[in-house]
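Have a look at this one with the pockets and the small sheet in mind. Here is an informal report to read alongside the model.

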Amino acid sequence: MNITDTFTQILLEEMNGKTAKKSSLIQEWLGTTHVSQSVSIRVGNYLETFFCKVMGDYNKLDMLPRKGRNNIITVDGEDHQVDLLGQIEDDVLITREMKCNLDLDRGKTRDTLRREEQIERGLEEQFDVSVDGGIFCPFYYGEVKKDGRFGMIFGLQWFIDTFKCDFTVEDFQQMGKDALIHKMLCI
């Protein structure tokens, strides 16, 4: 048996036993399957900026120093990017780690939860306030749902209601299908 035959046999055995991964939530939002991983990553970054902007005066990321294009908090000598930081009440900061992909392996899930705990602790210590932290997925269109890996996932309706946004879930869904946005993203 040559090496190609050996590898072909492995592919047959390995691929047949695997179920297909759920398609990208960004691809679903855009309504296309023709989005490369690099474009998906960029869209995720653009969406972080978008959600910070639509928070309006509730956005408090400017309380944190910038490192490159990110606002960071340093905890135990480690820098952590803070995706969303808002304030509705004087003595409570709201922080959310934005995830456009919830289909993470165990290690990435653990790292995400650890990072969010570090950010919460750092904000509490630095600003002497209560911190409401968690995971935000803009492609979960409800308010809050329980999740076996992340605990709770905060959705788009939660975001809209909390930060009193002037758009709806349906507006956001339609934005992803907009021809101009597709053209600008070259998809």
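What follows covers two pockets, a surface patch and a sheet.

This is a predicted model, so to speak of local features takes pLDDT of at least 70, side-chain atom pairs count only at pLDDT 80 or more, and totals for chains, interfaces and linings use all residues. Residues are numbered from 1 along each chain as its sequence is written, and side-chain values use heavy atoms, with hydrogens and water left out.

**Pockets**

A pocket here is an open set of points on a 1 Å grid over the protein atoms alone, where a 1.4 Å probe fits, with protein on both sides within 12 Å along at least five of seven lines; lining residues have an atom within 4 Å of a point. Volume is the space filled by probe spheres set on those points, which are joined across faces, edges and corners.

| Pocket | Volume | Lining by class |
|---|---|---|
| Largest | about 1,100 Å³ | 10 nonpolar, 11 polar and 13 charged residues |
| Second largest | about 220 Å³ | 3 nonpolar, 6 polar and 5 charged residues |

For those classes, Ala, Val, Leu, Ile, Met, Phe, Trp, Tyr, Cys and Pro are nonpolar, Asp, Glu, Lys and Arg are charged, and the others, Gly among them, are polar.

The largest pocket has about 1,100 Å³ of space. It is lined by 34 residues, with Lys99, Cys100, Asn101, Leu102 and Leu104 closest to its centre. Two or more lining residues come from each of α2 (25-30), α3 (37-54), β5 (92-98) and α4 (106-127), and α3 gives the most, with 6 residues. Helices (H or I, at least four residues) and strands (E, at least two) are DSSP runs, numbered from the N terminus.

In the second largest pocket, 14 residues make the lining, and Thr49, Cys52, Leu61, Arg69 and Asn71 sit nearest the centre. The elements giving two or more residues are α3 and β2 (70-75); the largest share, 5 residues, is from α3.

**Sheet**

Asn71 turns up again in an open sheet of 3 strands: Arg66 stands opposite Asn71 in β2. The order is β1-β2-β3, with antiparallel pairing, where two strands pair if DSSP finds at least two bridges between them. β1 (66-67) and β3 (78-81) are the edge strands, each pairing on one side only. Between β1 and β2, the antiparallel pairing runs over 2 bridges.

**Surface patch**

Phe7, found in helix α1 (residues 3-16), joins Ile10 and Leu11 in a nonpolar surface patch with about 270 Å² of accessible area together. Such areas come from the Shrake-Rupley method with a 1.4 Å probe, and for residues only the protein chains shown count as cover. Patch residues have over 30% relative accessible area and no salt bridge, and nonpolar side chains (Val, Leu, Ile, Met, Phe, Trp, Tyr) are joined within 5 Å. A salt bridge is a side-chain nitrogen of Lys or Arg within 4 Å of a carboxyl oxygen of Asp or Glu.

Methods
Patch = residues over 30% accessible without salt bridge, like charges linked within 9 Å, V, L, I, M, F, W, Y side chains within 5 Å.
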